Amino acid sequence: MKEVKSPRKPLLFYYAIVMVVLMLLNAFVFPMLLRPRMTEVSYKSFLDKVDEGSVGLVQIESSRILFTEKGDDKQVYETGVVDDPGLVDRLNKAGVDFTSPIVREASPLMNFLISWVIPIALFVAAGQYLSRNLMQRMGGTNAMQLGKSNAKIYIESKTGIKFDDVAGQDEAKEALGEIVDFLHNPGKYTEIGAVMPKGALLVGPPGTGKTLLAKAVAGEANVPFFSISGSEFVEMFVGMGAAKVRDLFKQAGEKAPCIVFIDEIDTIGKRRDSGGLPGSNDEREQTLNQLLSEMDGFDARKGVVILAATNRPEVLDPALLRPGRFDRRIPVELPDLTGRVAILKVHLKKIKTETNINLESVARTAAGASGADLANIINEAALRAVREGRRSVTQSDLEESVETVIAGAQQKSRVLSDREKNIVAYHEIGHALVAASQTHSAPVHKITIIPRTSGALGYTLQVEQDEHFLVTKEEMENKIATLTGGRSAEEIVFGSVTTGASNDIEQATKLARAMITRFGMTEEFGMVGFEQEGSRYLGGGGGMACSDETSSRIDEMTVAIVHKQHERARAILREKMSVLHSLAKHLYEKETITGEEFMQILEKEEAMCMLPAEDKA
Ligand code: ADP
Ligand code: MG
Ligand code: ZN
C-alpha cells in the first residue's frame, strides 16, 4: 500500500505564495530588467549641458525629456517638460539629435504578455502541478485524465522460477505445461485446428502454490507475462477499474504471444447479483463486465492466454466460468504425503542440514499442511537452529517446528501450578488412551503438557500410518470419542470438569453435526444433506438449508451422538484406571512422551492385568 500523507498546507496557501511572488516580480524586478539606469536632473542643468554641447541624444515625450551625454549612452538622464518653445531651435543649434529614441517603450503586446499572460500561465501550471501531486498522494490519478489509467502492469518474463521449484502438483503442471508449449509453437496446434482455451483458472486452498505456479509458467514460457492482482482493479472512481482492464488487454494484445495473470480474481469476479446496496457495486460490476467483454473480444489464436487464481471459486460469477472464458479449471489441492515430502525437499535445499534427516516422518506429522505451511516449517526449523547457536538444522529442529506451526510455539514462560499440570496430564492421557483402545484410530505419536502460544496447555498428536481419503462412520465416531477422552479422564479422576476441553468440544460438535448434515451417516435422515455449499477451500461451512423443526432435530441428534461417544470414552477409561494413573504420572514427570514410550508402558501394564490373580501378588 502506498503511504497516504495528508497535505500539510491547504491548496490556497500555495496559490497565495505564487500570487505574491508574481506581484513582486511585476512591480520591481521586471521594470528594472527592462529599463536602463535613470538619473533625474533639473531642466536648468539640461539646458546647460545642451549649451555646453555635451548632450548626445534627446528624446522628448509628453511628460518628460530623456537625454544622454556624448559617448555614454548607458546613463540616461531625465527631466521634466517645461513649456519652452525655444527648445527645438536650441537643440538644432547645438546639433543634438532628438529624433532617434533612447528608451524604446515596450510594445503593447509585450506589455500585455508580461503583465497578464505569463502570470496566468504560471498560475495555472502551478495549480495543475499541485492538484496532480495531491491526487497522487491520495492514491488516485489526475482527475483531468479520467479514462486513462496508470495500471501498474509489470512484465516479468524472467521470474527465475521454474516448474522444478513447484513440488508435487503434477496435474497442474501438466495442464499448464500444455499452455506453455502452445505459446512456444502454436503452429503444432493450429495445424490440426485445435484452439487453446482462452483462460485457465487455478483453484485451491490458500498457500498451495497457485501464485507460485503462475510465476513458474512465466519462467518457463519465455514470453511476456503480465501480472496483476484483482485488488489492483479496485479504484477510487467508478470506471477506473474498467479502464485498467482495457489498458491491460491493449498492452497484452500488442505483446502477443503472452500470458496475462490475474491473481485473486474473486475480488473483481464476484457474482454480480450478490446483494449489497443498490449502486454500491457499480465499480466492481463495470470492471467485471469489461473483463468479460475483453475476453470475448480476444482471438485465442493470437496467443494471449489468461491465467487466474482464486481460493473462492464458488463466489465467482458464472459468466466467468462459461466456455470461451475460464473454461479450464486447474485444481491445486493440498499436497498428499509424497507431495509434502517433495515440497519439504525443495525448501530444504535452501538451508544447511545434517545428513541424517528423515523427511518422511516430518511430512507424516504435518498432515494437512499446505505448501506455504511446509515452507514455513523449514524456515522455523532454520530459525530454531540459529537461536540455539547451531550451524545446521537437525531432525529435532524440524519436528519441533512442525509443532510450532501446528500448535504454536512452546510457551516456557507460562508456568502451570502442580495441580493444573496434573489435570492436564490426565486430560491428555485420557485422549491418548481412548485413541489407543479403539481400532481404526490413528496411533499416538506424541503427548506433551508443555503449554503452547496458541493457548493449548498440552496436546496429543496422532499421526495416520497411511493417508486415506475416505473416512468411515466408525472412524468418525472414534474420533469424537477420542475428543471427549480428555474431559472424561478429568471427570473420572477429579470428579469435576475444567475449561480445558473447549477446543475438544468445538471439534466434536462439528464432526457430529457434519455426520448428520453433510455425510448422511444417520438412519433417520439417510442421504439428505442440509448444508448449503460453503467456501470449500477456506473451511467455512455454508448456511443451513432446512426447516426450523429439522434444524432443532439436528441439534438433538448432534447432542445424542456426542453423548453416546462420551459415555463410551468414560467406559474405556474406567476399565483402564490403573494404566491411566501410571501413564499420567509418567507424563507429569517427563512433560513430553513419545508414542513408543506410551505404547511400552501401556503394553507392560496390560500384560500385568492379564496375569492370573495369584501371580500378581
Ligand atoms: P497461493 O497463491 O496458492 O495462496 P503461493 O503460491 O503464494 O500460494 O504459495 C506461498 C508459498 O508457499 C510459496 O512462495 C512457496 O514458498 C510455498 N509453496 C506453496 N506450494 C508449493 C509447492 N507446491 N512447492 C514448493 N513450494 C510451495
Ligand atoms: Mg496467491
Ligand atoms: Zn483435550
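# Note on the predicted model

1. A435 has a relative accessibility of 2% and therefore counts as buried. Here buried means under 20% relative accessible area and exposed over 50%, with partly exposed in between (1.4 Å probe, protein chains only). The residue belongs to helix α16, residues 418–436; helices (H or I, at least four residues) and strands (E, at least two) are DSSP runs numbered from the N terminus. With neighbours within four places in sequence left aside, A435 is in contact with S441, V444, Q462 and T482, a contact being heavy atoms within 4.5 Å. A435 and I572 are 137 residues apart along the chain, yet their C-alpha atoms are separated by 10.0 Å.

2. The basis of these statements should be kept in view. This is a predicted model, in which local features need pLDDT of at least 70 and side-chain atom pairs count only at pLDDT 80 or more, while totals for chains, interfaces and linings use all residues. Residues are numbered from 1 along each chain as its sequence is written, chains are lettered from A and ligands numbered from 1 in the order in which they are written, and side-chain values use heavy atoms, with hydrogens and water left out.

3. The chain as a whole has 22 helices and 13 strands. Of its 617 residues, 42% are buried. Among contacts with a separation of 6 or more, 73% join residues 24 or more positions apart. The exposed area of the chain is about 34000 Å², of which carbon and sulfur atoms supply 55%; accessible areas come from the Shrake-Rupley method with a 1.4 Å probe, and for residues only the protein chains shown count as cover.

4. Which residues are closest to ligand 1? They are A167, G207, K210, T211 and H347, within a surrounding set of 16 residues; a residue is near a molecule or strand if one of its heavy atoms lies within 4 Å of it. The shell comprises seven nonpolar, seven polar and two charged residues. In this classification Ala, Val, Leu, Ile, Met, Phe, Trp, Tyr, Cys and Pro are nonpolar, Asp, Glu, Lys and Arg are charged, and the others, Gly among them, are polar.

5. Oxygen atoms of ligand 1 are approached by side-chain and backbone atoms. An N or O atom in the side chain of K210 is 2.7 Å from an oxygen atom of ligand 1, and a polar side-chain atom of T211 also lies 2.7 Å from a ligand oxygen. From L212, a backbone N or O atom lies 2.9 Å from an oxygen atom of ligand 1. Taken alone, ligand 1 exposes 570 Å², and the protein buries 79% of that. Two or more residues of the shell come from each of α7 (210–221), α12 and α14.

6. Helix α12 (residues 337–348) has twelve residues, so at 1.5 Å a residue it should span 16 Å, and its end C-alpha atoms are indeed 16 Å apart. The expected span of a helix is 1.5 Å times one less than its number of residues. L337, G339, R340, V341, I343, L344, V346 and L348 are buried in α12. The cover over these buried residues includes α13 (359–365) and α14 (371–387).

7. Helix α18 (residues 502–517) has 16 residues; from first C-alpha to last it reaches 22 Å, close to the 22 Å expected at 1.5 Å a residue. Its buried residues include A508, L511, A514 and M515. The buried residues of α18 pack against α16, α17 (473–494) and α19 (548–575).

8. M476 lies in helix α17 and is buried, with a relative accessible area of 7%. Beyond four places in sequence, M476 is in contact with V471, L511, M515, F519 and M521. M476 and A514 are 38 residues apart in sequence and 9.8 Å apart in space, C-alpha to C-alpha.

9. Two residues with polar or charged side chains are also buried. E400, in helix α15 (residues 395–407), has a relative accessible area of 11% and touches R384, Q410, K446 and R452, not counting residues up to four places away in sequence. Q290, in helix α10 (residues 282–297), has a relative accessible area of 15%; with the sequence neighbours up to four places away not counted, Q290 touches A242, V245 and R246.

10. Two backbone angles merit inspection. Most residues other than glycine have a negative phi. Q169 is not a glycine but has a positive phi of about 50°; the residue sits in the loop between β5 (154–155) and α5 (170–184) and is buried at 13%. E264, likewise not a glycine, has a positive phi of about 50°. E264 is in the loop between β8 (258–263) and α9 (266–269) and, at 35% relative accessibility, counts as partly exposed.

Notes: Polar contact = N/O pair within 3.5 Å; in protein donor to acceptor, adjacent residues only side chain to side chain.
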